[in-house]
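Dear colleague,

I am handing over the structure that I promised to pass on, and my notes on it follow below. Please read them with the coordinates open.

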Amino acid sequence: MGAHLSVPMYRRSLPQRYQLVGARCTACQRINFPPKAACNYCGTGGFEEVRLSGRGKVFSFTKIAAAAAPPEFDEDAKVVSSFPVALVELEEGAMIMAHLADCDDEDVKIGLEVEMVIRRIYAEENVMRYGYKFRPVRK
Amino acid sequence: MKSGITGFGVYLPQFRITRSAIAKAWGRCGAAIERKTVLGFDEDTLTMATDAGRTALERAGSSQGNTALSFASTTPVYGERPSAGSLGMMLSLPDNLFATEHLSSTRAGTEAMVALGALLQSDIAENGLLVASDAPQAAPENPLDHGFGAAAAAFAFGSGEAVATVGERYSMVADYPGQRFRVQGQREVEDIGVPPYSGQALAQVLGGAIKGLLKTTGKEGKDFRFVVAVQPDPKSTGRLLGRLGFTAEQQAVNAWQGKVGDVGAAAPLLGLAEALSQCDAGDSILVVGYGPGAGADAVIVEAGPAVEKARTWGLGDSLEQGEVIDYTVYAKIRNRPL
């Protein structure tokens, strides 16, 4: 089996998966995504919720072969042979790791402007898990 | 009608398949398409709905509470599960929204548009979001499947400056068994495939809805800038429209279907988006939704003072763009379990 995220745990993360809800640290003003108990950058614990825009640039990327991907992606692996995964630097400064969507491997470059979309991530026991991916900005 | 259309968006998946790829797989392509859209491996009618809905809401600007959501599809992801719960959260809609779902027929798009209009007029809601998202399928060897595509269209309604307003309507129903149906639990649509029988249904029901609308409103065919109608297929509908007196110029707005495919309940709304992107203020559009088996709505949409905003909101370059896939990838996507 793969990572097995229970449905209630998955559900608790929907504000992040659907709405990109992050937490701005009231002390150092930096955005934590996903939100945590203590700020990743300064260690303090006061936050205000902020919905991130979903616009950003590819900071770094890799390609995960389907055979090396977790079993949650077995269905997708029947269609594609690898998954482009990127660290996306959002315009608010936060860094997100996500699959890239709608682009060929050759098109992925550091600096590529991307935007957030909601896609199927995987299904477990007929419960579809949706979440964010990033695609090249559509003009 | 206090609420008008304040923004709209269309969504086409990235994948495309060409007529020649389908013909190579089956010996011939049984649908009058050049190419068509195909859902990505990580897409479904809910994700498409979210994309179109987000675009519509962004273009409409901010809206306050008291919202209604009308969702239309013949292929919702689940047979039983409220789409509004997911859509509402994906689109950050207020949690006290009233939602309707329109399923079971390719007429669902216009049905949802009329229903939402009625909700807005009756003060159940001040703001509305109409989303139609569909990805029909038939058996791969069935020529019907050769023309089936995937797309979504969404229209935001509110009290801001109107891009368009939805007006009078006339509907018809009749029982015509054997026309485009699907048993519970089946993914593939069937049809007994008797063209004169389908033609008879079309003339009685779709034709009847148009004639009824013209009679009750006192309008004539020439009063409309465009007639949006591609169901059940552009050829047979086009012939009927021609017999009813609509010109080639009025029907030209339906050409997109040849590059997108049959997108079920979303078809009339995609067509409306295309039409509005070409209209001037004051133009009237006749939007016709048809569900074989059978039911039809003929609805008048009038371009409002803000229709200029919509020049870039149609399908535009997306018709020619996209990533072309081969039949093997197409078959694998069609075959997935959920």
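Two strands are said to pair if DSSP finds at least two bridges between them, and the strands themselves, like the helices, are DSSP runs numbered from the N terminus (H or I over at least four residues for a helix, E over at least two for a strand). With that in hand, strand S1 (residues 21-25) of chain A and S2(A) pair in the antiparallel sense over 2 bridges, and within this pairing Ala23(A) stands opposite Asn32(A) in S2(A).

Before going further, please note that this is a predicted model, in which local features need pLDDT of at least 70 and side-chain atom pairs count only at pLDDT 80 or more, while totals for chains, interfaces and linings use all residues. Residues are numbered from 1 along each chain as its sequence is written, chains are lettered from A and ligands numbered from 1 in the order in which they are written, and side-chain values use heavy atoms, with hydrogens and water left out.

On the sheets, the strands just described belong to an open sheet of 3 strands in chain A, with the order S2-S1-S3 and antiparallel pairing. Its edge strands are S2 (31-32) and S3 (47-51) of chain A, each of which pairs on one side only. Chain B also holds an open sheet of 3 strands, here in the order S3-S2-S12 and with mixed pairing, and its edges are strand S3 (35-38) and strand S12 (323-324) of chain B, each pairing on one side only. Strand S2 (residues 15-18) of chain B is joined to S12(B) by 2 bridges, and these two run parallel; Arg16(B) stands opposite Val324(B) there.

Elsewhere in chain B, strand S11 (residues 295-303) has 8 of its 9 residues buried, so it is largely enclosed by the rest of the structure; buried here means under 20% relative accessible area, exposed means over 50%, and partly exposed lies in between (1.4 Å probe, protein chains only). S11(B) runs antiparallel to strand S8 (residues 164-173) of chain B, to which 8 bridges join it, with Val173(B) opposite Gly295(B). S11(B) also pairs in the antiparallel sense with strand S10 (residues 284-291) of chain B, over 8 bridges, and in that pairing Gly289(B) faces Asp297(B). The hairpin of S10(B) and S11(B) has 3 residues between the strands, and in it Gly293(B) takes a positive phi near 115°.

Turning to the interface, the contact (heavy atoms within 4.5 Å) takes 28 residues from chain A and 26 residues from chain B. The two chains bury about 2,300 Å² between them, 52% of it on carbon and sulfur atoms, where buried area is the accessible area (1.4 Å probe) that two parts lose on being put together, summed over both. In chain A, Val79(A), Arg120(A) and Tyr130(A) lose the most area to chain B, together 27% of what that side buries.

Between the chains there are 14 residue pairs in polar contact, both residues being at pLDDT 80 or more; such a contact is a pair of N or O atoms within 3.5 Å, of which, within protein, one must be able to donate a hydrogen and the other to accept it, and residues adjacent in sequence count only if both atoms are side-chain atoms. The elements that give two or more residues to the side of chain A that touches chain B are helix H2 (14-19), helix H3 (74-77), strand S7 (113-124) and strand S8 (127-136) of chain A, and S7(A) supplies the largest share, 6 residues.

As for salt bridges (a side-chain nitrogen of Lys or Arg within 4 Å of a carboxyl oxygen of Asp or Glu), the count comes to 22 over all chains, and 5 are found across the interface of chain A and chain B. One salt bridge joins Asp51(B) and Arg135(A), at 3.1 Å from N to O. Within chain A, Arg119(A) forms a salt bridge with Asp102(A), the closest N and O atoms being 3.0 Å apart. That pair links distant parts of the chain, 17 residues apart, with Arg119(A) in strand S7 and Asp102(A) in the loop between strand S6 (95-99) and S7 of chain A, and both residues are buried. In chain B, the side chains of Arg107(B) and Glu111(B) meet in a salt bridge (3.1 Å, N to O), in which Arg107(B) is buried at 18% relative accessible area and Glu111(B) is partly exposed at 24%.

With best wishes
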